[in-house]
Structure formats: structure tokens, C-alpha cells
Amino acid sequence: MKHGVTICHFTRDHCFWHKVTAHPRALESVLRTAHQMIVETDGMTDTLERARVSGQSRGEVIREICRHLVPFQTGERPITGDTVIAKDLTIDSLAIMDMVMELEDHFDISIPMNVVAEIHTVDQLADTIQKLCARR
Amino acid sequence: MGLFDRHAGLLEAYRDVRTTGYDPFQIRMERVLSPTEAIINGRKMLLVGTNNYFGLTFDPSCMEAAIEAIRAEGTGTTGSRIANGSYSEHVALEQEIAEFYGKKHCMVFTTGYQANLGLISTLAGEGDQLLIDADSHASIYDACKMTQAEVVRFKHNDPSSLDARLRRLGDRPGNRVVVLEGIYSMLGDSAPLREFIDVCKKYGAYVIVDEAHSLGALGDNGRGLCESTGVIDDCHFIVGTFSKTLGAIGGYCVSDDPDFDILRVTVRSYMFTASLPPSIVASVRQALKVVKAKPELRTQLWSNVSTLYEGLAAKGFKLGPEHGPVVGVHLPDPMTAIGFWRAMLDAGIYVNVAIPPATPNGVSLLRCSVCAVHTKEQLEHMIEVMTGIGRQLGVLDDRTLRVVGGAR
């Protein structure tokens, strides 16, 4: 069975999107060698999780956080590392906790509620995720 | 910054809620006539939002027991049990609840909220891990604010989500304490308790189950979801309330743990608040007898649930996922929910309106709670009224109505 995914390979200034159709195993090897990559869609979470066990790149973490926050963006103001999640966006506290749950499963970590309470900005959330991923 | 500035957003939302001229959160019951009727705004209303699942608030035997207790022992205890002592009736009530569950110990609290608040925050302490369902009741969330334990939420009613979180803890030291509810209060759905218990056993986690909305309603003897799913022995702590099926107020926790009684001098919400007054204890003891003696009330409750749930579903309403004593009706947004609620009040029916942030996933709901003593006519009338309002507000699609509703 073939699986299709969209891979986004990005550098500091550019973003390259590829559509890839491959067997999960083949894809796993692609992912193992690539660090700055994010993958979206498709039911391949398990394969991807296995491929991601070792450390998360900063860009990847930020990008995953932004994916969840975009629906709550206000006006034209871009979401950056300094964005104060509960203040600059239209997201309420419950939705923040739900987003955290999704991030937990995506990165296979747990972020305790008391830790979440101390997080204000996108950067702080990314720091926490990276720290917990490294400890895994 | 002023004291109330931080509530500015909520204040604004609250203003919106009151635009219909009534405040759904400050309704005045001018006179309560029975478990199913009250005078509101000078007119008789059908009550379908009071958690009075067995209708025992007006049970003559419970009322008599309470009156007798007041004559015998006065109106209140004026203090906590560690200061003013336990009345014999407190102890008798605890024994009766313990026996009801076949557990060794029981502790009674002044409210169900305090039972959860005190127990959960005390049982899980520093170095422990507390795992709670994302849709947990406020009392559970508040306990999480008080505990020194690490708190992690898992996805609502999802044992695999709990499994992942317990797995991630690996061999880290600390007790794992999992909190579940029998029936969830907003949508009336019940937990896959057996599957949850399996996960908890796999990781050696303690289980606390709150049967607030399921006491009386579930299980052959009305013990709740722990009975209907056959896992009473696997639940380390079962919590519940006297304020719903038992028609009074108060909370309890039962357990087989040999050291359970230490909680009487460690749980602050037990130690530092006045104990239940004699009248409440007496009516609860009697209500428990009624629950045991009249299983037909449970049958009647479920028959009524079926009437309301199936009736509303047939008209095209989007409801909670399963039959339950709480029937949650999904509405597209808070303002529609409030408008719908107000229209029902105008039509003589009182239900609850539930909107974010009090609801899971930001849903807006009319929350109906069914009573064993609602008549079929009352419920059928309610379905008719709701269908009319639903059509008026454009919540019900006319085409769906014709197809689903069939010949009317």
C-alpha cells in the first residue's frame, strides 16, 4: 500500500514543498536523514513518530505550534516566537490546554498543567517541548 | 489594574448572555412545587434541568425523616466533625454507604465538590502524577490547582490517550492517580470504564471514579457505572454526591484501603468546614433506602430518557453521543443557545444553557436532565415545543424534518 504525504523542507528564508508517495518504510529512511522537515497530513503518524524519536529541530517545533495557532490569529499580525498565546490570539484557556494535548501526542511527551501555566509565549512553549523531547 | 479588569472578557460575554432580558445563571425559582414543576416569573414551569434524577426531593418518606431529625437534633452541627464531633447519624450514613458499595470505608463530605477537591488534592501529593479526563468537572480541575502532584490531561473518554500518558511516565517514581467520571455532566456520556481500568492495571495506577451523575441511574442496584461495568473491586476510590439522585446535598467517598481513615485528619475540605446538618443526613439515609427499595424508579428514568432522546433525535436535533439522564442538545453557537433557552422559558420549560468556557470543545448546549417522575406527556410536550423553536430559529432543517420526522 502506498502512502502520500506532503513534505515541507525549509531553510531560514525558503520553504520547499514536495509531494511524496512512498511506502512507509521508504519514507522512514527519508525522514531519518532529514532534520529540517515537517510532514503534514495522511494517516502515517506512527511511522513518523518512530522517525522523530531523536531531538526536534527548533523550526519544526515552532511550525507545529503555529499550525495549531493559526486559526486563532488576529488580523494580519504574524505569529512569532514572541507572540503571547493567551493575549495576542483569540484562543481561550481550554483551547490552549486542548492544543497542548495535541502537541503532547505529536511529540510523544507530556507537559504537566503546572508547566503549561508558566508558559506565555510561543518561544517558551517551543523551549518546553524541545527540553522534554531531549529528555525522552 | 483594577480588581475586576481581568474579568473584562467574561463580563462582556455575560452581558451578551443577558441580552434576552433574563439571566440564565440567576433564575429565581419563586416557588418549587414538585420535582418537575416550579413557579418562575409568575408562571408554572416544567423543570427539565435540575439533576433531580429520581425526583426524591419531594419523597414523603425522605421529607418526614428530615423533619423528624430537625426536631430531634436541631438545625445544624455548627462545626466540623473533628471539632464538634460526629453525630451518630453521620457514622450510620457512612456505614450504610460503605455497605451499599460493599466497601470497607466511607467518608461523608458537606458537598460533592468538597469531596473531589479534598480527596484528589490529598491523595495525589508531591512527586505523584495525577491524570485527569479533559472533560472533568470543575471540582476535579480545582483539586488539580491545589495538589502538589504533576497533572496531565488525557483526551475525553479515550483509554489509549491515558495509556500514552502513563507509558510516557516510564519508570519515574511516584504514584499514578487517574480520575474518571461515571457519567459526564454536559453531554450525558459515560466513560469506557472497563477499558480505562485495564489501562490503569497495566501501569499500576490508582483509580478514582466520580459517580455524581450515575448514582442510582446505572447498575442493577444503582451504584453507578462501576457496577454496570462490573469493576467495583477495581475502583480504589468511588466518589459521589447526595445532591442529585438522593435529592439533598453532600458528598462521599468509599474505599477498601486499610489506611483510609487517615484522610479524616488530612483532607482539609473535610476538616475545616461544618459537617452536614441532621436533617440532610436523615433524608439522605432515607433516600438511599428508597433507591434500594424502588428499582422501578431507575426503569422509569431510563424510559423517560429514551422518550426524550429518541423524540428529539427523530426531529433532527444533534444530541450527546448516547442515552443518559443528561441529554445535551447541540446548538450552533452561544447566542442561539441563549435564544433557544429563553424561548423555552417563554414556553414554560426550564432547562440549562451551557456555553463556553463551561463546555468541552467550545460547544453550546441546552442541557436537559431527566427525572424518573416526569410524565410521558410532559416530555412529549417538551419535544413539540423544542421542535417549534428549533424550526423558528433555523436550527432544524425543514427537509431533514420531513425525512426524519416522517408523517406528523
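## A strand pair in chain B

Which residue in β10(B) does Cys106(B) stand opposite? The partner is Val254(B). This comes from a predicted model.

Cys106(B) belongs to strand β4 of chain B, residues 105-109. That strand pairs with β10(B), residues 251-255. Five bridges join the two strands, and they run antiparallel.

## Burial of β4(B)

Five of the five residues of β4(B) are buried, so the strand is largely enclosed by the rest of the structure. Its side chains split between two directions. His105(B), Met107(B) and Phe109(B) point one way. Cys106(B) and Val108(B) point the other way. Residues on both sides are buried.

## Two helices side by side

Helix α7(B) covers residues 159-169, and helix α8(B) covers residues 193-203. Their axes come within 9 Å and cross at roughly 10°. Angles under 35 degrees count as roughly parallel, and α7(B) and α8(B) are therefore roughly parallel to each other.

From α7(B), the contact uses Pro159(B), Leu162(B), Asp163(B), Leu166(B) and Arg167(B). They meet Glu195(B), Phe196(B), Val199(B), Cys200(B), Lys202(B) and Tyr203(B) in α8(B). Seven of the residues in this contact are nonpolar and four are charged. None is polar.

## Confidence in chain A

Chain A has a mean pLDDT of 73. In this chain, 60% of residues reach 70 or more.

Two stretches score low. Over residues 1-20 of chain A, pLDDT stays under 50. The model has 58 contacts beyond four places in sequence for that stretch. Over residues 29-54 of chain A, pLDDT is below 50. Here the model has 53 contacts beyond near neighbours in sequence.

Conventions: Residues numbered from 1 in each chain as written. Chains lettered and ligands numbered in written order. Predicted model: local features only at pLDDT ≥ 70, side-chain atom pairs only at ≥ 80, totals over all residues. Heavy atoms only, no water. pLDDT = per-residue confidence, 0-100. Contact = heavy atoms within 4.5 Å. Axes fitted to C-alpha atoms, helices over the stretch in contact; angles between N-to-C directions. Helix = DSSP H or I, 4+ residues; strand = E, 2+ residues; numbered from the N terminus. Parallel < 35°, antiparallel > 145°, perpendicular 65-115°, else oblique. Nonpolar A, V, L, I, M, F, W, Y, C, P; charged D, E, K, R; others polar. Buried < 20%, exposed > 50% of the residue type's maximum accessible area, 1.4 Å probe, protein only. Pairing = 2+ DSSP bridges.
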